[in-house]
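This report walks through one protein chain, from a single charged residue to the wider architecture. It may help to keep the structure open while reading.

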Amino acid sequence: MDTTRGGACLLVAVICLSCAAAAAARSPAARLHRHLKRLNKPPVKSIESPDGDIIDCVHISHQPAFDHPYLKNHTIQMRPNYHPEGLYDESKTNVDSSSSGERPKVQLWHQNGRCPEGTVPIRRTKKDDLLRASSMRRYGRKRHTTANPMSVNPTMLNEGGHQHAIAYVQGEKYYGAKATINVWEPKIEQPNEFSLSQLWILGGSFGEDLNSIEAGWQVSPDLYGDNNTRLFTYWTSDAYQATGCYNILCSGFVQINSEIAMGASIFPTSSYSGSQYDISLLIWKDPKEGNWWMQFGKDYVLGYWPSFLFSYLADSASMIEWGGEVVNSQPDGVHTSTQMGSGHFPEEGFSKASYFKNIQVVDSTNNLKAPKGLGTFTEQSNCYDVQNGNNADWGTYFYYGGPGRSSNCQ
């Protein structure tokens, strides 16, 4: 009898321990730990940036892209077959040395080291990054639609929507876009707001099937935990619903470059009436493989979005946009004072207002050309505005931005 009772007690104890272990595995802390483990791959080397970021140098075949089922057995394309300026030049994968023999420091973490060849630099996601997100599932994802120049939605304006000041082209098939973007550090009023300047490669409609590839710079306290200006990318194939993410916070973008980290701080940034800095971005579709490639500056081919990620963009883009975007959460029921660009209106001009210059599109013959029929769009020009022009030095360009809330913007 005692033996039976003892066995029963032991069984109950084992069941209780199993239940406790299962409950612990389902706990928020355990789920957070598993999510961090999925995002942060084992590094070959780690570098601490002066801004507190940790940059992990991860073996190129271990990056998050290969979590995607279609990429499990994917052979990495280490170079594009063609470049929009003609047949792709092998030298473009290498960084040009300066006269002193040193590589330029274009991101803050470069001050403390570099990643070795055969690895890719990935900004480490920290526990606090996930805790700031509305949910772990939504971490690293946008929650909005892209600027639709054909429709101003008053509901979006009145209920804390996203606001834009952009230039755009549509009406043809586009196979890429290029721009040189003035880099600033705009002030953000609320942590859940952001300010960015980017280019959009768009296909599909502005409903639930929008395909978008995006790249530029952004300040986003919610995503990064600070007010630094950072290089970023984004992609979606279903209008920001279930697919895509910022940078490489999900499977998708395949990075080949060991020099530039997505989401890392850009250094230096421009100052009002002072030194001006800009970055050049080029995104184009390789006509042979069909993948969408990204280049940063003249020297860094960063990687590609495989064509199978998309439906409409598997063929071509139907619209290109360039410009600024902010979140207006209407704190205290008034318009946000979050700045776009430099925080100053376009009419102030060079060294005061932010600019895009040398904007171009890639046509069906894989050549870069000036955009035809460029339009401009802003929801509230008294808050953020855009003015375009053309000259011999800057080609097609525009100034954009503004301060947000003011006596004319409530």
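## Charged pairs across the chain

Glu189 has a relative accessibility of 26%, and because buried residues are those under 20% and exposed residues those over 50%, Glu189 counts as partly exposed. The structure is a predicted model, and the values given here are computed from it.

Glu189 has a charged partner, since its side chain forms a salt bridge with Arg405, with the closest N and O atoms 3.2 Å apart. Arg405 lies in the segment after β21 (395-401) and Glu189 in the loop between β7 (176-182) and β8 (195-203), so this pair ties together parts that are 216 residues apart in sequence. Arg405, at 30% relative accessibility, also counts as partly exposed.

Glu259 and Arg114 form another salt bridge, in which the closest N and O atoms are 2.7 Å apart. This pair, too, links distant parts of the chain, for Glu259 belongs to the loop between β12 (254-255) and β13 (278-285), while Arg114 belongs to the loop between β4 (86-87) and β5 (119-123), 145 residues away. Are these two residues buried or exposed? Both Glu259 and Arg114 are buried.

A further salt bridge joins the side chains of Lys357 and Asp278, at 3.8 Å from N to O. Here the partners sit in strands, Lys357 in β17 (residues 354-362) and Asp278 in β13, and they are 79 residues apart. Lys357 has a relative accessibility of 17% and so counts as buried, whereas Asp278, with a relative accessible area of 32%, is partly exposed. Salt bridges that share partners also join Asp51, Asp53, Arg123, Asp129, Arg132, Asp226 and Arg230 into one network. In total, the count comes to 15 salt bridges, and the table sets out the distances of the three pairs described above.

| Salt bridge | Closest N to O distance |
|---|---|
| Glu259 and Arg114 | 2.7 Å |
| Arg405 and Glu189 | 3.2 Å |
| Lys357 and Asp278 | 3.8 Å |

## A buried charge without a salt bridge

Asp286, in the loop between β13 and β14 (292-296), is buried and yet has no salt bridge. Which side chain of opposite charge is nearest to Asp286? It is Lys288, which is 7.8 Å away, and a salt bridge requires the nitrogen and oxygen to be within 4 Å. Asp286 does have a polar neighbour, however, for the backbone nitrogen of Asn81 lies 2.6 Å from a polar atom of the Asp286 side chain. When residues up to four places away in sequence are left aside, Asp286 touches Gln77, Pro80, Asn81, Tyr82, Asn291 and Trp293.

## A sheet of seven strands

The chain has five helices and 21 strands. Seven of the strands form an open sheet in the order β11-β10-β9-β8-β16-β6-β19, with antiparallel pairing. The strands β11 (245-246) and β19 stand at the edges, and each has a single partner strand, so one side of each is left without a neighbour in the sheet.

Following β6 (residues 162-174) shows how a strand can be flanked on both sides. With β16 (residues 317-327), β6 pairs in the antiparallel sense over ten bridges, and within this pairing Gln170 has Met319 as its bridge partner. With β19 (residues 375-378), β6 again runs antiparallel, joined by four bridges, and here Ala167 is partnered by Thr376. At the other edge, β10 (residues 230-236) and β11 pair in the antiparallel sense over two bridges, and Tyr234 stands opposite Tyr246 in β11.

## Interior and long-range contacts

Of the 410 residues of the chain, 54% count as buried. The largest nonpolar core has 92 residues, and those with the most contacts inside it are Ile201, Leu231, Met294, Trp305 and Trp322. A second, separate core of seven residues includes Ile47, Trp109, Ala261 and Ala264.

How much of the contact pattern comes from residues far apart in sequence? Among contacts with a separation of 6 or more, residues 24 or more positions apart account for 73%. Gly113, placed in the loop between β4 and β5, counts as buried at 19% relative accessibility. Gly113 and Ile55 are 58 residues apart in sequence, while their C-alpha atoms are 9.8 Å apart in space.

How values were computed: Residues numbered from 1 in each chain as written. Predicted model: local features only at pLDDT ≥ 70, side-chain atom pairs only at ≥ 80, totals over all residues. Heavy atoms only, no water. Pairing = 2+ DSSP bridges. Buried < 20%, exposed > 50% of the residue type's maximum accessible area, 1.4 Å probe, protein only. Lys, Arg positive; Asp, Glu negative; His and termini not counted. Polar contact = N/O pair within 3.5 Å; in protein donor to acceptor, adjacent residues only side chain to side chain. Contact = heavy atoms within 4.5 Å. Core = buried A, V, L, I, M, F, W, Y, C linked by side-chain atoms within 4.5 Å.
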